[in-house]
Amino acid sequence: IMTTQPLTLVDIQGALPTVQAIKEIARGGFKIVFQVTIAGKQEALKLVKIPPSDPAAGGEDFVAENIGRVKREIALISRCQSQEVVKLGSITATDALLAGERYVMYSEEFLPGNNLQELTSERRRTGSPAPDFAELKILTLCLLRAVKEAWGMKVVHRDIKPLNVMKTGLPARPFVLLDFGIAFAINETNLTASPTQRAPMGTWRYMAPEMLRPGFRDNISFRSDLYTTAQTVFEYAVGQHPLARTADDLVQTISRIIGQDAALVEDKRIDLPRPFCDLINQMMKKSPALRPGNLDLLIRQMEAIQ
């Protein structure tokens with residue numbers, strides 16, 4: 001779905017003359033991310049591809065939906081004050097035609113470090129030690145605070161997963177949540193063209209069970225983000241997903257999400273404190289009603305675990 005032509009510095013500078021250097025660092029779905037230099041400072045430049053109008057895909061409504069999602073993401077990040085959420089950079093939403101494709105571009109701060117997916121893959125490859133409880137506790141608290149920040153705006157992130165969590169090495173911001181591109185705002189007009197006819201958005205293996213049910217938009221809450229937070233912490237702790245397997249196809253993945261209980265943390269990491277395992281297990285309950293219902297209390301409980 002992306003252009004097959006690599007984008008060059010000349011391409012980017014045609015729309016953004018202040019950009020002095022580029023290096024592609026991520027690509028997936030409809031988005032390309034570059035590490036760029038602007039006025040001597042590094043930033044992460046995001047290019048979101050806007051598909052052409054196609055009557056079979058929703059026509060102009062679908063085009064407007066994609067543009068609306070980019071603008072919503074920028075607006076949401078701009079409102080977040082938490083250090084656990086990525087900050088905007090110097091480039092606001094900019095339309096551009098690059099290599100024959102239409103994009104909306106904007107920038108965020110460039111964070112040092114690696115995302116949790118990269119770190120877990122490297123650990124599997126090298127056999128290096130798993131993160132200890134102290135690190136896992138910090139990770140969990142960072143994500144819970146980010147979830148609380150979003151829910152304070154009546155927003156559900158919907159895409160918490162290892163790829164969207166950066167381990168920075170910064171003492172004040174050890175883990176930072178990225179990418180509000182498919183966030184759901186409770187009190188805003190739905191962006192999705194014909195939402196009842198559109199598959200749920202997100203990465204299937206990190207999707208909460210309720211997201212697969214008809215009418216989920218009427219009942220969605222922060223508890224869906226608790227589920228994916230717990231999955232992310234589990235995978236970073238254990239080195240494997242609590243449900244999905246690499247060889248699974250989409251039908252198997254959905255079947256596991258709906259009908260199979262997640263693995264228990266204590267069965268995979270006997271060294272971790274049982275109260276910590278119990279909270280992670282509770283956050284991964286199939287029914288949202290069985291997950292914690294008070295974010296402040298949950299954060300205090302996590303802080304108290306030794």
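**Surroundings of His157, and two enclosed or open spaces**

His157 makes contact with Asn164, Leu177, Leu178, Asp179, Phe180, Ile182, Ala183 and Asp225, leaving aside residues up to four places away in sequence. The model examined here is a predicted one. His157 sits in the loop that runs between β7 (155-156) and β8 (165-170). Its relative accessibility is 1%, so His157 counts as buried, the cut-off for that class being under 20%. One of the listed neighbours, Leu178, also offers a polar partner: its backbone oxygen is placed 2.9 Å from a polar atom of the His157 side chain. Further along the chain, Ser221 is 64 residues away from His157, and the two C-alpha atoms are 9.8 Å apart.

Attention now turns to the cavities. Two cavities of 30 Å³ or more were counted, and the largest has a volume of about 50 Å³. Its lining is formed by Arg158, Tyr206, Met207, Ala208, Met211, Ser224, Asp225 and Thr228. Asp225 thus appears both in this lining and among the contacts of His157. Sorted by class, the residues around the largest cavity comprise four nonpolar, two polar and two charged.

Among the open pockets, the second largest has a volume of about 240 Å³. Its lining consists of 14 residues, and those lying nearest the centre are Arg124, Arg205, Glu235, His241 and Thr246. Helix α3 (residues 116-126) gives the most to this lining, with five residues. By class, the lining of the second largest pocket holds three nonpolar, seven polar and four charged residues.

Notes
Residues numbered from 1 in each chain as written. Predicted model: local features only at pLDDT ≥ 70, side-chain atom pairs only at ≥ 80, totals over all residues. Heavy atoms only, no water. Helix = DSSP H or I, 4+ residues; strand = E, 2+ residues; numbered from the N terminus. Buried < 20%, exposed > 50% of the residue type's maximum accessible area, 1.4 Å probe, protein only. Contact = heavy atoms within 4.5 Å. Polar contact = N/O pair within 3.5 Å; in protein donor to acceptor, adjacent residues only side chain to side chain. 1 Å grid on protein atoms, 1.4 Å probe; cavity = no way out; pocket = protein on both sides within 12 Å on 5 of 7 lines; lining within 4 Å. Points joined across faces, edges and corners; volume = space filled by probe spheres on them. Nonpolar A, V, L, I, M, F, W, Y, C, P; charged D, E, K, R; others polar.
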